[in-house]
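Trainee: Could you take me through one part of this protein, slowly and closely?

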Amino acid sequence: MDPTPDLPDFTPPEPESDPAPHRVPEISSLGLDTLVTEVSERLQSAAAVTDRMQRLLEAVVSVGAGLDLHATLHRIAAGAAELVDARYAALGVVAPGGQGLQDFIHVGVEDETVREIGELPVGRGILGALIDRPEPLRLTDLTADPRSYGFPPHHPAMKTFLGEPIRIRDEVFGNLYLTEKRSGGAFTPEDEQVVHALAAAAGVAIENSRLYEEGRRRERWIAGAAAVTTALLSTDEAEVALTVAAEQVRELADAALGMILLPTVDGQMRVAHASGEAAEFLQGELMPSDSVAGKLFKGESVHLDDMSTDPTVVIRLARSFGPSLAVPMVAAGRVLGGLCVWRSRGAVPFSEAEKQLAETFASQAALALRLAEGQRDQQRLAVFQDRDRIARDLHDLVIQRLFATGMMLESAARRAIVPEVKVRVGEAVDELDATIQEVRTTIYALQHDDQGDAPDTLRTRLLRECSQAAAALGFKPSVSFVGPVESLVGEKTGRQLLAALREMLSNTARHARASRVGVEVDAIVHLDNGGRPVGGDPESLDRAGRPGVLLTVTDDGVGIPAGGRRSGLRNLARRAEALGGDAWHEPGPYGRGTRVRWTARL
């Protein structure tokens, strides 16, 4: 059986005698040229969008490439200008509280033009509108907008405008400003979308830069506090360490002036150390208790945005500065002083973060100061203990041996046959007595720390006067005291006593040509009506007279020549007579030199 079915016979038709020629339809008649054009345009648009997205991605990567905040802000402005083909771009950082702009970064304007314009924008007009209402703003002609503030002289012409806020979480950090599209025309909604995307990425980059800057700032403050602590604990000179603290806090706070304030006994604060502008004029300045000092004593910080306009500022020089910050130095609940920094007029006010860092620095410095005080107290205690030991040894051993030696010499003098030997032995005994007086004076100085933190007593002033006379004499006079000079001699008599000693030592240095000078102050003598010691002999006193003080200066010089000038002695006599005393001179012991005496009633 044949599988192929039978098919009918097919005979092709005969061609017509005059057939029409066959024509292929035109492509244009089908509208394909329009379709191709549209596809081409769409491909070009897609390529443009792809190129713009590529440039946006590059801009985002560039924005986040660094951590320096100012450099990051400049990259954001430059990247935005490139994305939308703008001639000029700027980024304004909004000041705390939304009060204008605290920083303004610009791209596209020449440096020479910037210098001619002068001050940078502060946030008025269209720029202020974005601060007041942080939403995207696109204008075809910003000069026609009623909010426009106008341009200053030498400012380049600007017409088209695109503004976009930069947010960090819910906080408006600043605004992007773009003007003058290079290709002409106005900014498009697509431009606005691209800038909006860049602003979102910029917020993240700015937050990272701010965190990095804050971390570096904290690191610098911690390092500064460590430097102050090291200075306080490694030196005995607190003045030097606190000067270091003033310099450190000025640099850390980016201020024009840094100061350390220390309390006074009358409830004020004194500028003990200053570093920076006008430091030499503010050193030693007093701040009354009803000003900054009063709040510092209460443990409160004081912050002023602009001292030049604040009515509470009492220091006249402060009005030439701007923002200020003062924090107390508190340790163990006690205010040890204050830390104060001033910035130049027109500078950025201190932020909350800077206030906290300054308070932490002040607390660390106060703790270091307290530790340094304790360390110095321990060292001083060790010195006092050593001085007490030396004083006991001098009293118990040296003086007793000198007494014994003196008694032995006196015994030998009584048995001596040759008169010259008796005289020489007597001189030796007198020398031993003078030595014992000097040792006693040394013991007193060791026990009372005349050169330390003790009050400036009459004894210390007398010793200081003798030390200063050493330069003119060529040697230091020996000094001895008899009786409680500080408690018996009053302030008025003490001043005249010092003046008399100064006069006597000056005369000795000019005229005596001495090799030895001895000074003795006796506060337990009694004076007759003429101001002389009762009986005329201070070594054998009669207690019938009135109590007084006797100053004696003895030298081994050439003596007072007959007929010489007596002006110095007359001055001494006038001082003594005004206090019920007297002044006179006599030959020195054993006929050599001069002994000048001066008395005053107590």
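Mentor: Let's take helix α11 and the sheet it packs on. First, this is a predicted model, where local features need pLDDT of at least 70, side-chain atom pairs count only at pLDDT 80 or more, and totals for chains, interfaces and linings use all residues. Residues are numbered from 1 along each chain as its sequence is written, and side-chain values use heavy atoms, with hydrogens and water left out.

Helices (H or I, at least four residues) and strands (E, at least two) are DSSP runs, numbered from the N terminus. Helix α11 covers residues 458–473, which is 16 residues. From first C-alpha to last, α11 reaches 22 Å, close to the 22 Å expected (1.5 Å times one less than its number of residues). Among its buried residues (under 20% relative accessible area, 1.4 Å probe, protein chains only) are L458, L462, C466 and L473. Right after α11 comes G474, with a positive phi near 95°.

Now for the sheet. It's open, with five strands in the order β12-β13-β14-β16-β15 and mixed pairing. Strands β12 and β15 stand at the edges with a single partner strand each (pairing takes at least two DSSP bridges), so one side of each has no neighbour in the sheet. From one strand to the next, the twist averages 20°. Helix α11 touches β12 and β13 (contact means heavy atoms within 4.5 Å). The direction of α11 makes about 160° with that of β12 (axes are lines fitted to C-alpha atoms, for helices over the stretch in contact, and angles run from 0 to 180 degrees between N-to-C directions).

Notes
Buried means under 20% relative accessible area, exposed over 50%, partly exposed in between (1.4 Å probe, protein chains only).
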